[in-house]
Amino acid sequence: MSEAEAQRQISQRAERVLSHIVMSGAVISVALFAFGISVALGNSSIVDEKQTMSLDSIVSSISSMDSMGLIALGVLTVIATPLVRILATILYFARKDRLLMALPVVTFILIVVGFVIRM
Amino acid sequence: MAVIETLLILLIVSILIGVIGSLLGIGGGVFLIPIVTLALGIDIKVAAATSLVTIIVTSSTSAPKYLREGIVNVGLGMFLEIFTVTGAIIGAVLVVYLSQSLVEALFAIVIIYAAVYMMFGIDAKKEIHPPAPSGTSHWRFNGRYRNESTGEAEDYGVRNLSRGGAAGFIAGSLSGLIGVGGGIVKVPAMHIWMGVPMKAAVATSNFMIGVTAVASALVYLANGLVAPLITAAAAIGIFIGATVGSRSMQKITGRGLRTIFSVMLVIISMIMFLRAGGML
């Protein structure tokens, strides 16, 4: 088997793993959004739909697990999905292909740095 | 307008945007942002943050299909993500310092480009190999996809990584600045400059969009620009719309509907220009 063919087979296995990760993230987050909005509308707890959230308020609402907490958890799940995909890619390629492992490592570091400098 | 009415309208509009976006082969950001801004009176930066979250949902919904079909060039996608993410972070950091009117003007320019791209851009259904561009093929990123018209697997080489990286940086910057996916920049760059077949370029762009959007979304989140209720309603709507749109029909290839939506985007762009100039 040529090196390119071996490379292709590794990629195909990675594609299957990644597709499960991203789809699960989307379904879970949308379910959390739907549940959160339903609970909020049910107990009329929504005051202002335009209200934005800071990181602190997201953390506190999640810990209280009210309707806004569920929605905030949904936002975090959406955001976490691509990050989990990056980490899964790093783990997947760790022993198979150094270059393909290095690329998502750089991306992950960039994202973390970008977030940290704005905090 | 009562909260429940606002969320219901946003949900319905987002379903329509999800359907239209998947049928036209574009992300919904170019429609969602002006509607949220103009109709609901929400700051364009908050609208951009909302759009970014929905883009991640859309990408997470449609990417698995492309991945299962084996048309995503994962290696190339991960390479270009370094550039799109860098651009996205710089764009999202800059936007905090820009005035609302400047961001609106920039958005208006981008949606005019989106309208032209939609009208005259490359047809995503075509499975043509672009003429091989000059430059050395980088075998680590070479790909293979199944040509549906011939039923056979075809190999393609990937060239001009530096140009592709530059296009990725610009696409990422737009994502960070105004909350769009950036596919309208990445797809033609991959296809024309890098020699990636159209379907593989669209699939790879879609694969990358979630990671690009998350880089800017985190910066928006850190700056307190995410409105959870608006975001949740829009994300549910786009998820439903994109799922229905991608399963029910083929992509719109006829000139008629593309012309209608292009004209709509030009009108939206004019309104955004007037708003940016303080005339609305």
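**A tour of two crossing helices**

In this predicted model, helix H3 of chain A and helix H3 of chain B lie oblique to each other. To see this for yourself, select residues 67–93 of chain A, which form helix H3 of that chain, and then add residues 44–69 of chain B, which form helix H3 there. The axes of H3(A) and H3(B) come within 10 Å and cross at roughly 55°. Angles under 35 degrees count as roughly parallel and those of 65 to 115 as roughly perpendicular, and the pair is therefore described as oblique. As you turn the view, note also that the crossing of H3(A) and H3(B) is left-handed.

Next, show the residues where these helices meet. On H3(A), select Val75(A), Val78(A), Ile79(A), Thr81(A) and Pro82(A), which meet Val53(B), Ile56(B), Val57(B) and Ser60(B) on H3(B). Colored by class, this contact shows 7 nonpolar, 2 polar and no charged residues.

Now widen the selection to the whole contact between the chains, which takes 54 residues from chain B and 51 residues from chain A. On the side of chain B that touches chain A, the elements giving two or more residues are helices H1, H3, H4, H8 and H9 of chain B. The residues of that side divide into 39 nonpolar, 11 polar and 4 charged.

Finally, select chain A by itself, and follow its 4 helices and 0 strands, which run α-α-α-α from the N terminus on. Of the 119 residues of chain A, 40% count as buried. Among contacts in chain A between residues at least 6 apart in sequence, 66% join residues at least 24 apart.

Methods
Residues are numbered from 1 along each chain as its sequence is written. Chains are lettered from A and ligands numbered from 1 in the order in which they are written. This is a predicted model: local features need pLDDT of at least 70, side-chain atom pairs count only at pLDDT 80 or more; totals for chains, interfaces and linings use all residues. Two residues are in contact if their C-beta atoms, placed from the backbone, lie within 7 Å. Ala, Val, Leu, Ile, Met, Phe, Trp, Tyr, Cys and Pro count as nonpolar, Asp, Glu, Lys and Arg as charged, and the others, Gly among them, as polar. Axes are lines fitted to C-alpha atoms, for helices over the stretch in contact, and angles run from 0 to 180 degrees between N-to-C directions. Angles under 35 degrees count as roughly parallel, over 145 as roughly antiparallel, 65 to 115 as roughly perpendicular and the rest as oblique. A crossing is left-handed if the near helix is turned anticlockwise from the far one by less than a right angle, and right-handed if clockwise. A residue is buried if 20 or more other C-beta atoms lie within 10 Å of its own, exposed if 12 or fewer, and partly exposed in between; C-beta atoms are placed from the backbone.
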